[in-house]
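Me: I should like to learn how to read a protein model step by step. Where might one begin?

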Amino acid sequence: MSRLIVSVSGVRGIVGETLTFDVARQFGAAFATMLGPGKTVALGRDSRPSGKDFAKAIVEGLTGGGVNAVDLGMVSTPGVALMIKRLSADGGVIITASHNPSPYNGIKFMTPSGVNLPVEQAARLKTIWESGRFHTAGTPGKVTRDDRTHRLHIDAVKAIVNVPAIRGRKFKVVLDSINGAGSVPTAMLLAELGCELVHINGRPTGEFVHEPEPIARNLTGLCEEVRKHKAGIGFAQDPDADRLVIVDENGVFIGEEYTLALTAAYVLTRTTGPIACNLSTSRMLDDVAVRAGAKLFRTPVGEANVAARMMKEGCVFGGEGNGGVMDPRVVTVRDSLVGIGLMLDCLAATGKTVSGLVAELPRYEMLKDKFPCPLEKTGKVVAAVRAAYAARKGARLNDEDGLRIDLPEGWVQIRASNTEPIMRIMAEAADAEAATALAAEVRRMADAVVAATT
Ligand code: MG
């Protein structure tokens, strides 16, 4: 059964069923209560048709609590993050259900640093919302409009790449924007970088012509277009344009893990400093860091966790293996425009092809599995797996997020979902057989715990 999901990543539900305009108004009021009157919030929305009405409802909640709202209109998630900083706002809101199908919408909240709310603040917001006790201001907050987001975002991306070098290559690029919030600014960016653009699903209508999650099975159309047009590279964004995946010059989807691995490897040829990613991201990042002599910090899953570690450790780059690259020179939020800029910069600087760059990285096979597990048993499952591996020779255990076991032949992680009664297993090794074996061993241990009656 579908329900309203209120987690560290924000609020998500089915429009009109679990996520209503009343709920949106309440969350606007709760955020205003948390911030206090007189503060200012930047607000944007992706291209889902319900976004405009949700924006109106949230603005009502915010202004009722005495908080000023700057309406950015239809913009990307990283665009909101960027504007929070440019406006010196006290927080931000983006209305998006990210890669979820069109019946969904959602609300994500951001800090004055333009990053997702850290866990404690997200919990506080949830508590205020649940209490239903919201501050009502004598003087309502003001609403203003700001249409500069795309321009400022594109300029920020251009500032970190060699624009003349990219323009000189006249790259032919196929882009699938899934009719999302990335449609307009990304086309502008590519035009200014001198690219010949074949834009598919490039109207920001919120009409998702394929499942919007940017993964292989949803991107066969993009791969075909890259081959048909003999393009140098293909890109796909998710509806709020924070995630990016890449198709090589042969029309081959290279896998979402490569977006961060390739861009991190490139950034580390230009600058020195630590990088960060979550514990579910490919071992390629360890290899990239070792080659560059850089330190890699691993964090629990959740963009806010990666962002917090990047800020704490002064990381020069970071992100998530799901196609999320984070460059603090632009925003410490996953940003597909940054990913596109850096990939084109890399192609221009090295003269290599995408497949050539991929071939320079070690090849791993990653495998993901999930299974139902009652919430009260997830801790027992992790404990059983920990006990089994603790004494294993060469095993390194990290329990910052479920349990990740690094072995010489690969790694395996088991963790409970934040939002559903399921557990996820990820495994990565040099080949599929080895990864399957790693995941299967952990799955057997988990099944035994789930099946046990006590
Ligand atoms: Mg997204």
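**Reading the model**

Reply: One may begin with a single residue: Asp238 is buried, as its relative accessible area is 0%. Please bear in mind that this is a predicted model.

Me: Why does Asp242 count as buried?

Reply: A residue is called buried when its relative accessible area is under 20%. Asp242 has 0% relative accessibility, so Asp242 falls in that class.

Me: Which protein donors does the magnesium ion have?

Reply: To read a metal site, one lists the donor atoms and then looks for their places along the chain. Here the protein donors are Ser98 through OG, and Asp238, Asp240 and Asp242 through OD, lying 2.1 Å from the magnesium ion. Along the chain, these donors follow the spacing S-x139-D-x1-D-x1-D.

Me: What does Ser336 touch, leaving out residues up to four places away in sequence?

Reply: Ser336 touches Gln237, Ala241, Asp242, Arg243 and Leu244. One of these, Asp242, is also a donor of the magnesium ion. Ser336 itself is found in helix H12, which covers residues 336-350, and Ser336 counts as buried at 0% relative accessibility.

Me: How should one read the buried side of a helix?

Reply: The general idea concerns the turn of the helix. An α-helix has 3.6 residues a turn, so residues three or four places apart point the same way. In helix H7, residues 183-192, the buried residues are Ser183, Pro185, Thr186, Leu189 and Leu190.

Me: Against which elements do the buried residues of H7 pack?

Reply: They pack against helices H5 (149-158) and H12, and against strands S8 (172-176), S9 (196-200) and S10 (233-237). After H7 comes Gly194, with a positive phi near 75°.

Me: Which residues other than glycine have a positive phi near 50°?

Reply: Ser88 is one of them, with phi near 50°, and Lys230 likewise has phi near 50°. To place such residues, one looks at the elements on either side. Ser88 lies in the loop between helix H3 (77-86) and strand S5 (91-95), while Lys230 lies in the loop between helix H8 (220-228) and S10.

Me: Is Ser88 buried or exposed?

Reply: The cut-off for an exposed residue is a relative accessible area over 50%. Ser88 is exposed at 60%, and Lys230 is exposed at 70%.

Me: Where does Asn398 lie?

Reply: Asn398 lies in strand S17, residues 396-398. With a relative accessible area of 23%, Asn398 is partly exposed. Leaving aside neighbours within four places in sequence, Asn398 is in contact with Leu279, Leu403 and Arg404. From Asn398 to Ala236 the C-alpha distance is 33 Å, and the two are 162 residues apart in sequence.

Me: How many helices and strands does the whole protein have?

Reply: The protein has 15 helices and 20 strands. Its radius of gyration is 22 Å, close to the 22 Å that the globule rule gives for 454 residues, so the protein is as compact as a globular protein of that length. Of the 454 residues, 57% are buried.

Me: What can one say about contacts, surface and charge?

Reply: Each of these is summarised over the whole protein. Among contacts between residues at least 6 apart in sequence, 68% join residues at least 24 apart. The accessible surface is about 18,000 Å², and 53% of that surface belongs to carbon and sulfur atoms. There are 53 positive and 50 negative side chains, and the centres of the two sets lie 3 Å apart.

Conventions. Residues are numbered from 1 along each chain as its sequence is written. This is a predicted model: local features need pLDDT of at least 70, side-chain atom pairs count only at pLDDT 80 or more; totals for chains, interfaces and linings use all residues. Side-chain values use heavy atoms; hydrogens and water are left out. Helices (H or I, at least four residues) and strands (E, at least two) are DSSP runs, numbered from the N terminus. The radius of gyration is taken over C-alpha atoms; the globule rule is 2.2 Å times the number of residues to the power 0.38. Buried means under 20% relative accessible area, exposed over 50%, partly exposed in between (1.4 Å probe, protein chains only). Contact means heavy atoms within 4.5 Å. Accessible areas come from the Shrake-Rupley method with a 1.4 Å probe; for residues, only the protein chains shown count as cover. Lys and Arg count as positive and Asp and Glu as negative; His and the chain ends are not counted. The place of a charge is taken as NZ of Lys, CZ of Arg, CG of Asp or CD of Glu. Donors are N, O and S atoms within 2.8 Å of the metal (3.2 Å for Na, K and Ca); water is not among the atoms, so sites may look incomplete.
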